[in-house]
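Let's take a walk through this one, going from domains to a single helix and then out to where the chains meet. Keep the viewer open as you read.

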Amino acid sequence: MKPAPKWLLAIAGIVYLLLHLPVLVLVLFSFNASRYSVSWSGFTFDWYRALAARGDLWRGLRASLTVGLVSTLVATCSGTLIALVLARRRFTGRRVLEGLVFLPLVTPEILVGISLLVLFVLAGLPLGLGTITIAHIAFNISFVVVVVRARLDGIDPHLEEAALILGADEITAFRTVTLPALWPGIIAGALLAFTMSFDDYVITSLVSGAGSSTLPMVVYGMVRRNVEPTVNAISTIILLGTSLLIYGADRLARAR
Amino acid sequence: MTLRRRILAALARRPALGTATLLAPGGLWLVLFFVVPMLLMLGASVMQRGTYGGVEPGFTLEHYRRFLDPLYLQVLWRTIVWAALATVACLLLGFPVAWVIAASRRHRSLLLFLVVLPFWTSFLVRTFAMIFLLRDTGVINSALLALGVIREPIALLYTPFAVLSGLVYGFLPFMVLPIYASLEKLDPALLEAAEVLGARPLERLARVAIPLARPGIIAGSLLVFVPAMGSFLTSDLLGGAKQVMIGNLVQNQFTTARNWPFGAAASFGVMAVVLVAVMVSLRLRDRDPGRVR
């Protein structure tokens, strides 16, 4: 395609600015000394220091990490298996399975959360970190399937067949040929799943009981009450953390 | 080793067994924690309301009838209009960006990464960033006051404008990526041919590029419209009490109002709109792309 004309570049430039400026401004003012106004009154780390003293944030962080790690592990394993089957095998009910994986991705979050709440309450499961983890696994499986399958589509199935012809059994062929090539996709899927879990507020808040707040739930409470620039500080830390994770996932997904 | 060989032999005899074993954990999880809850909701929407939340036995269509009350239909209609407006705005802003990325050679992966990054950064944090910009003591009002453009802060937060901005800001990457994917496959020779044949730039855009990018435009529109229909956080934090969307109505029925069946019926109102949108987009996609006016 020919290089884009200048006016088009200008529009795109403005859109990029709109996309990133709000967050950059947010980060900038997390270092602003003034508590109430947005005029710049000197550089400070005070808001970050104030975060350290908040027990609810630390508890929220621990809850989020626990839920994130467990749900990522389970979703990555089961999602990878589904991706393998979808990419390599022909069987009846394939379309149904594809729909089953696809549907959670296009269902509004609020409906996923509400319907799980109905299930948990009717089944008599106590709401808490357990129900949050179950919910996160459910929405993460689909993400893992999509990412891993994209990677699988780029791996030549003939390689594994060659290994079989050369005398390896199925397990050896998978372990020594397909798995090493697939590994970056699995890690990328896991990192994305962890990010989704770590970020989620809507579904989490619906299936969590009293006293089991994840980090986004604590932050939501802070945003609601508009607590000073500490919200900017915690937002900055979250942004930094997720950006690093996503950067890693992106690099891995493209790795040869 | 013998056990392993025996397992492999068994799987070789019955490949379906192997397929089923591999699918079982994830598949069962999705059935149990996605399909079953949806069916329960469907059931709840036609049952009697429990006094303290929950449901009681007894079939009724009362909740759907109640949803047809103008009061609630107005909320649904507002949600549809806002989701549609957000989709159009995302299309107008996203198409140029997708084009620039597809046309760029050296910076393509950086430009793509910059679109994907906000998609993965916390939605909550990004919504807070909008509050920080829009509130009375926010960045925009402070800047306008300092410049002397306005005397009093103008109300930006808790307005339809705030909700729309939030929706566009939140879902724009969903629009850019699919359009980029279809523009990337566009054969530049076609555009050059149109140019040689005398088509002006806008004609080339309207009669060559846009029809060929149609699958991406349709997919992107669907990916923006659907989450916008179900959005909860944006209207909750940016819209205030007056700008309720259907997602807030549903959430409220299950938490504060404790009317589960009505909340479930309202949810299927959202689902109905989403399904119609999906079907319309599939029809549009499958229409013969060769017939260009």
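**Domains, a helix and a shared face**

Chain B is split by the domain assignment into domain 1, residues 2-44, and domain 2, residues 62-286. Keep in mind that what you're looking at is a predicted model. If you take the centres of those two domains of chain B over their C-alpha atoms, they sit 37 Å apart.

Now flip over to chain A. Here domain 1 runs over 1-44 and domain 2 over 51-254. The C-alpha centres of domain 1 and domain 2 of chain A are separated by 30 Å. The two do touch: seven residues of domain 1 of chain A make contact with seven residues of domain 2 of chain A. On the domain 1 side of that contact in chain A, you'll find four nonpolar residues, two polar ones and one charged one.

Back to chain B for the overall fold. Its secondary structure adds up to 14 helices and two strands. How spread out is chain B, next to a compact globule? The globule rule gives 19 Å for 293 residues, and the radius of gyration of chain B is 25 Å, well over that, so chain B is more spread out than a compact globule. Lined up along its principal axes, the C-alpha atoms of chain B fill a box of roughly 65 × 65 × 45 Å.

What about the packing inside? Of the 293 residues in chain B, 42% are buried. Looking at contacts in chain B between residues at least 6 apart in sequence, 70% of them join residues at least 24 apart.

For a closer look, pick out helix 11 of chain B, residues 214-229. With 16 residues at 1.5 Å each, helix 11 should span 22 Å, counting one step fewer than its residues. Its end C-alpha atoms are 22 Å apart, which agrees. Helix 11 of chain B is also mostly covered, with 13 of its 16 residues buried.

Finally, zoom out to where the two chains meet. The contact draws 68 residues from chain B and 68 residues from chain A. Which element gives the largest share of the chain B side? That's helix 2 of chain B, residues 15-44, with 17 residues touching chain A. Sorted by class, the chain B side of this contact has 52 nonpolar residues, 14 polar and two charged.

Note on methods: Residues numbered from 1 in each chain as written. Chains lettered and ligands numbered in written order. Predicted model: local features only at pLDDT ≥ 70, side-chain atom pairs only at ≥ 80, totals over all residues. Domains from an automatic or database assignment. Nonpolar A, V, L, I, M, F, W, Y, C, P; charged D, E, K, R; others polar. Helix = DSSP H or I, 4+ residues; strand = E, 2+ residues; numbered from the N terminus. Rg over C-alpha atoms; globule rule 2.2 N^0.38 Å. Buried ≥ 20, exposed ≤ 12 C-beta atoms within 10 Å, placed from the backbone.
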